[in-house]
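Before reading on, please place the sequence beside the three-dimensional view, since the paragraphs below move between the two. The account begins with one pair of side chains and widens from there.

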Amino acid sequence: MNRPARPDRHDRPDRHDRPDRHDRPAHPVRPARPVRIGPRAAAALVLVTLIGIAAFGWPLLADRQSGLAHSQDAPWLFAALLPLLVAVVVATIADNGMDAKAVAMLGVLAAVGAALRPLGAGTAGLEPMFFLLVLSGRVLGPGFGFVLGSVTMFASALLTGGVGPWMPFQMLAMGWFALGAGLLPGPERIRGRAELLMLAAYGFAGAFAYGTIMNLQGWVILQGMGQGISFHPGDPVAANLARFVAYCLATSVGWDLGRAVLTVVLTLTLGATLLKALRRATRKAAFDAPVSFDPGAESEREPVSQRRTNSSGG
């Protein structure tokens, strides 16, 4: 009986020529969608921003008889800020941009940020919470970032005993900082190493911007520092701004530099890992997925007592 000749081993397809499982088409990964900002949430954010700009800048336009002091207007700003923050969250929920999962993530990230702040408090301006807020605002969007920055600063102030007339101004400034990270070009345009460099550059500039804005809050209160750097109520805005620049250069550049450098270092070393984790959590949470309920699903279920009766043959 003639058996068919076996193919020579050299004629067999080499295993390197076989389609590798890594070469097979994979299912596309759904991109992580940030928390959506609807028209009502956007209007609330604009209102908060306008009130914040007025709160920071009105002393520059006040006259000598105004009796200005941010320590007097801070309680009013805080009383207006808290309802507006709640309004931003409620408007985002009403616009179907934030659900229970997003609120839970907001609480977790705010707690982590509040815990990070004391690690560098009082040490050359080193504040690792800026690094977390840059990446969170980047992944979760500007609206979520603003609320996260404000809530994180509020929680950290309660944790560290830093409650004072400066707190509402810190909440606004930190909210703007995280909001700006959410407004950067999207990951579909910039990704990988370029994205980390962009976030590091933003964190560096944003750290200085935060310090400068907070200097404006404290500078109008301090008096007797010298004609070249003191605030003079009623003087032209240009003259006071020149003194303000001199004040920042003389008092806070070194402090802001430490914060900026730490933000850059943490972003470049840990940013890729944290971005991946935040985006994975955002994809699993599926903030942009519509929620629907099937009213007939419950009626189609067989009651437990009926299943027991049928299984027993009764």
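In this predicted model, Arg-243 and Asp-235 bring their side chains together in a salt bridge, with an N to O distance of 3.1 Å. Arg-243 has a relative accessible area of 15% and is therefore counted as buried, the cut-off being under 20%. Asp-235, at 16% relative accessibility, falls under that cut-off as well and so counts as buried. Salt bridges that share partners also join Arg-117, Glu-127, Asp-256 and Arg-259 into one network. Side chains of opposite charge can pair when their charged atoms come close.

Within that network, the salt bridge between Glu-127 and Arg-117 has its closest N and O atoms 3.6 Å apart. The two residues are 10 apart along the chain, Arg-117 lying in helix H3 (100–120) and Glu-127 in the loop between helix H3 and helix H4 (129–140), and the pair links distant parts of the chain. Both Glu-127 and Arg-117 are buried. Another salt bridge is formed by the side chains of Glu-195 and Arg-138, at 2.8 Å from N to O. Here the link runs between helices, with Glu-195 in helix H7 and Arg-138 in helix H4, 57 residues apart, and both of these residues are buried too. In total, the count comes to 6 salt bridges.

Which kinds of secondary structure make up the protein chain? The chain comes to 11 helices and 0 strands, so that a reading along the sequence gives α-α-α-α-α-α-α-α-α-α-α, with helices and strands taken as DSSP runs. Of its 314 residues, 41% count as buried. Among contacts between residues at least 6 apart in sequence, 81% join residues at least 24 apart. The accessible surface of the protein chain comes to about 17700 Å², and carbon and sulfur atoms account for 63% of it.

Helix H5, which covers residues 142–160, offers a check on helix geometry: its 19 residues reach 26 Å from the first C-alpha to the last, close to the 27 Å expected at 1.5 Å a residue. Just after H5 comes Gly-161, which takes a positive phi of about 75°. A further glycine, Gly-186, has its place in the loop between helix H6 (167–182) and helix H7 (193–219), and with a relative accessible area of 17% Gly-186 is buried. Although Gly-186 and Gly-141 are 45 residues apart along the chain, their C-alpha atoms are separated by 9.8 Å.

Helix H9 (residues 253–285) can be followed through two of its residues and a surface patch. Phe-204, Leu-257, Val-261 and Val-265 make a nonpolar surface patch of about 310 Å², to which helix H9 gives the most, with 3 residues. Is Leu-257, which lies in helix H9, buried or partly exposed? Leu-257 counts as partly exposed because its relative accessibility is 39%, which lies between the 20% and 50% cut-offs. Thr-282 also lies in helix H9, but at 1% relative accessibility Thr-282 counts as buried. The side chain of Thr-282 reaches the backbone oxygen of Leu-278 at 2.7 Å. Helix H9 thus holds both Leu-257, which is partly exposed, and Thr-282, which is buried.

Terms used: Residues numbered from 1 in each chain as written. Predicted model: local features only at pLDDT ≥ 70, side-chain atom pairs only at ≥ 80, totals over all residues. Heavy atoms only, no water. Helix = DSSP H or I, 4+ residues; strand = E, 2+ residues; numbered from the N terminus. Buried < 20%, exposed > 50% of the residue type's maximum accessible area, 1.4 Å probe, protein only. Expected span 1.5 Å × (residues − 1). Patch = residues over 30% accessible without salt bridge, like charges linked within 9 Å, V, L, I, M, F, W, Y side chains within 5 Å. Areas by Shrake-Rupley, 256 points an atom, 1.4 Å probe, with all protein chains shown as cover. Salt bridge = Lys/Arg side-chain N within 4 Å of Asp/Glu carboxyl O. Polar contact = N/O pair within 3.5 Å; in protein donor to acceptor, adjacent residues only side chain to side chain. Contact = heavy atoms within 4.5 Å.
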